[in-house]
Structure formats: C-alpha cells, structure tokens
Amino acid sequence: MVLGIESSCDETGAGIVSGGRLLAHVVASSMDEHARFGGVVPEIAARAHLQAFTPVVQEALAQAGLGLRDLDAVAVTTGPGLSGALQVGLAGAKSLAYAAEVPLYGVHHLAGHVAADTLEHGPLPDPCLVLIVSGGHTSLLLVRDLVRDPILHLGDTVDDAAGECFDKVARVFGLPYPGGPAIDRAARDGDPRAVAFPRPLLGSKDDPYAFSFSGLKTAAARWAEQHRLRGEDIPLADGAASLQEAVAEVLTRKALAACRRYDVRTLVVVGGVAANSRVRALAEERCAAAGVELRVPPLTLCTDNGAMIAAVGDLLVRAGAEPAQLSVSIDPSAPLEYAALNPLAAPARAA
C-alpha cells in the first residue's frame, strides 16, 4: 500500500496504489485563487498546500478504507516544481513516513505523469514513446523500464511549453486562466484552417524532436493585436481552433516521426495538455493510420495528482529500489533522468 503525495504547483494530491491498482485519488486545487492573477502565485500555492495537506490525505485513506499504519511506503514529489510548494509536500510526507514507520521514496514529477497511464492501461510496453505535454514541460521520451532504466530524452522544449503557450495566448485573447481548457472550449465552433499560424521547428534537421512554442505564441498575439488596431472584434473561435490545430500538428507529427525512427509501436501521451480534445483526436487519427497503439490516461489523471506519484512509488517498491533518507531534499529544476529523485540538501557551511 503506497501513499503518493503531489504538491509541485497548485494541486495538492494524495493517492494510494497497491500492486498497480488505484485505491484512492484525491485532489484539492488552489486554481481559483490564482485565476485573478493570470497564473500561479508561488506563495499562495504554498499556503494552500499547508491548508489542504491533512484533509486530502485523510480523505485518501478513508477512500481506501485504510489507516496510517496500513501503509507500506510513502512516495512524494521532490522535483521539479515550485520550491515552497515542494517543501510543503515533502515535509508532510516525511512526517507521515516517520509516524507510520515506513520507507519514503522521492519521485520525479514527470515520471509520475508517465506512470499515470499504468493505472488505466497496465504496465508500459518496453520500449514505448512518451509525449509529455503540460504547462511547464513538453518532452518526447524513449522509455524502457520506467523505474530501472535511464530515461532517454529525444527532444524537449527550447522555450515555451505547449501548455504555457495556451495560457499566454488565452490571456491575449481575453480568456480566463487556465488557458488550455479555455482555448479548447472557445475552439469548438471555430475553423482550424482559418488562420495560418506557424508550425515551429517542424522541419528542423539538427534537432528533429525539439519543441518551441514561443514563436507560435507571438504570432497569435500579433494576430489578435492587428484585429484590435483595426477596431475589429477578434474572431475568437477561429483563432482558438487554429492555435489548437498548430499545437496538435507539431506534437503529433514529431511523436509519430520518433515512433518510426525508433521502431516503437506504442505512443503514450500524458500531462495536462493531453486533456486537450484536438491533441487527443489528432493523435488517435495519426496513430491509427500508422499502426501505432495510442495510450492516454483518463482526464482526471492527466493533470497533477497524487495517484501518479503513488504509481511510481508502487513500481519502486516492487522493483526493490532503495528508499530515500529522511534527509532527502527537493530539486525545483531537476532534469528527468530516472523516476526516483532523492537529492540531499547541501551541507551547511561553517561560520
């Protein structure tokens, strides 16, 4: 029985997984508190985690019908993420592990997103291609054994991530935060071919699997500005649909190209932007045409949650991985190399 804790951004999540089976899944979000600022405010997020931590854990234990002493391990996100938010989750997880006298496992947040799919579709094929698309990350990974083998980065974002592009363009369009769901809703009645937005890095030969959405964000902002300068209303539905199409086109084309290049027959799409309707639909269409199996977690497991961290913890326990020390620290900018992330705090300097 592994309890997972997630607190890297604005969701406080607790989940319980046993033998690959999801027993509990509870999330408290402080998103509404950040909406008026147009983005996540780190101090507000950290305070919200403090308030939500105990109720979320208690509800997760109640859902699973367990007490603290029934746990076999605690797993917690130790990076990347907002420093203060990570500290709250780690401090709480350490307290629970100490009180329950069980081992503690530090988990890389992005590995959690990958493991989220196993809760719905079972073990990951070896190998598989994983496309992570979220507010802060866009990465294409070659994954073998998630908790035993190093994770090979085929490509990462060189500037704005896909979700970040959605958030920033939504603000320019006058849509609410978070931008991804707002763009998706606005795009329903739009024409995805109405605006010829660029497809960044689509023809890159030097780094064929790298992503860049900064130029797309700028193009969309200038398009909106031109309409305003002419005193015209922004054709919001067409702009949102065209933006969404550009993002989905880049993500899916690069992912399928990597599947062909590495002869991989399974593509896993995870992260918050995996909830986008056009990204999912185009991925389904292109995977079916290429004979590639597509795996996407349910919408409730796409965004940040504790269940995905518990899933990694469960895999680590079953693999016989060494747990973290209680002196484990956080790494807010940790690269994804392994699923386990157990950094230690730097020793204090002598006066």
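Let's start inside the second largest pocket: its lining splits into 8 nonpolar, 3 polar and 6 charged residues (nonpolar is Ala, Val, Leu, Ile, Met, Phe, Trp, Tyr, Cys and Pro; charged is Asp, Glu, Lys and Arg; polar is the others, Gly among them). Before you click further, keep in mind that this is a predicted model, where local features need pLDDT of at least 70, side-chain atom pairs count only at pLDDT 80 or more, and totals for chains, interfaces and linings use all residues. Residues are numbered from 1 along each chain as its sequence is written, and side-chain values use heavy atoms, with hydrogens and water left out.

**Stop 1: the second largest pocket**

Select T118, P123, L124, L315 and R318: of the 17 lining residues, these lie nearest the centre of the second largest pocket. Its volume is about 310 Å³. For the grid-minded, a pocket here is an open set of points on a 1 Å grid over the protein atoms alone, with protein on both sides within 12 Å along at least five of seven lines; a cavity is a set where a 1.4 Å probe fits but cannot get out, and lining residues have an atom within 4 Å of a point. Points are joined across faces, edges and corners, and the volume is the space filled by probe spheres set on them.

Now colour α5 (118–121) and α12 (306–318), the elements that give two or more residues to this lining. The biggest giver is α12, with 4 residues. Helices (H or I, at least four residues) and strands (E, at least two) are DSSP runs numbered from the N terminus.

**Stop 2: the largest pocket**

Which residues lie closest to the centre of the largest pocket? Pick D10, S134, G135, D167 and Y177, out of 40 that line it. The space in there comes to about 1,100 Å³. Highlight α4 (109–116), α6 (162–173), α7 (179–186) and α11 (299–302), which each give two or more residues to the lining; α6 gives the most, with 6 residues. By class, the lining of the largest pocket has 15 nonpolar, 17 polar and 8 charged residues.

**Stop 3: zoom out**

Show the whole chain as a cartoon and you get 12 helices and 10 strands. The radius of gyration is 20 Å, close to the 20 Å from the globule rule for 351 residues, so the chain is as compact as a globular protein of that length (the radius is taken over C-alpha atoms, and the rule is 2.2 Å times the number of residues to the power 0.38). Along the principal axes, the C-alpha atoms fill a box of roughly 65 × 50 × 45 Å.

**Stop 4: the sheet with β1**

Select β1 to β5. They make an open sheet of 5 strands, ordered β3-β2-β1-β4-β5, with mixed pairing; strands count as paired if DSSP finds at least two bridges between them. At the edges are β3 (21–29) and β5 (104–108), each pairing on one side only. From one strand to the next, the twist averages 20°.

Go to β1 (residues 2–6) and β4 (residues 73–79), a parallel pair with 4 bridges. V2 sits opposite A73 in β4.

Next, bring in the helices. α2 (residues 42–64) lies across β1, β2 (11–18) and β3, at about 25° to β2. α3 (residues 83–100) lies across β1, β4 and β5, running at about 160° to β4. Contact means heavy atoms within 4.5 Å, while axes are lines fitted to C-alpha atoms, for helices over the stretch in contact, with angles from 0 to 180 degrees between N-to-C directions.

Step off α3 to E101, in the loop between α3 and β5. E101 is not a glycine, yet its phi is positive, about 55°.

**Stop 5: the sheet with β6**

Another open sheet of 5 strands runs β8-β7-β6-β9-β10, again with mixed pairing. Its edges are β8 (152–156) and β10 (293–295); each has a single partner strand, so one side of each is left without a neighbour in the sheet. Strand β9 (residues 266–270) pairs with β10 in the parallel sense over 3 bridges, and V268 stands opposite R295 in β10. Add α4, which lies across β6 (128–133), β7 (138–143) and β9 at about 120° to β6.

**Stop 6: two cis peptides**

Where does P127 lie? Look in the loop between α5 and β6; a cis peptide bond joins D126 and P127, with omega about 5°. Finish at P178, in the loop between α6 and α7: the peptide bond from Y177 to P178 is cis, with omega near 0°.
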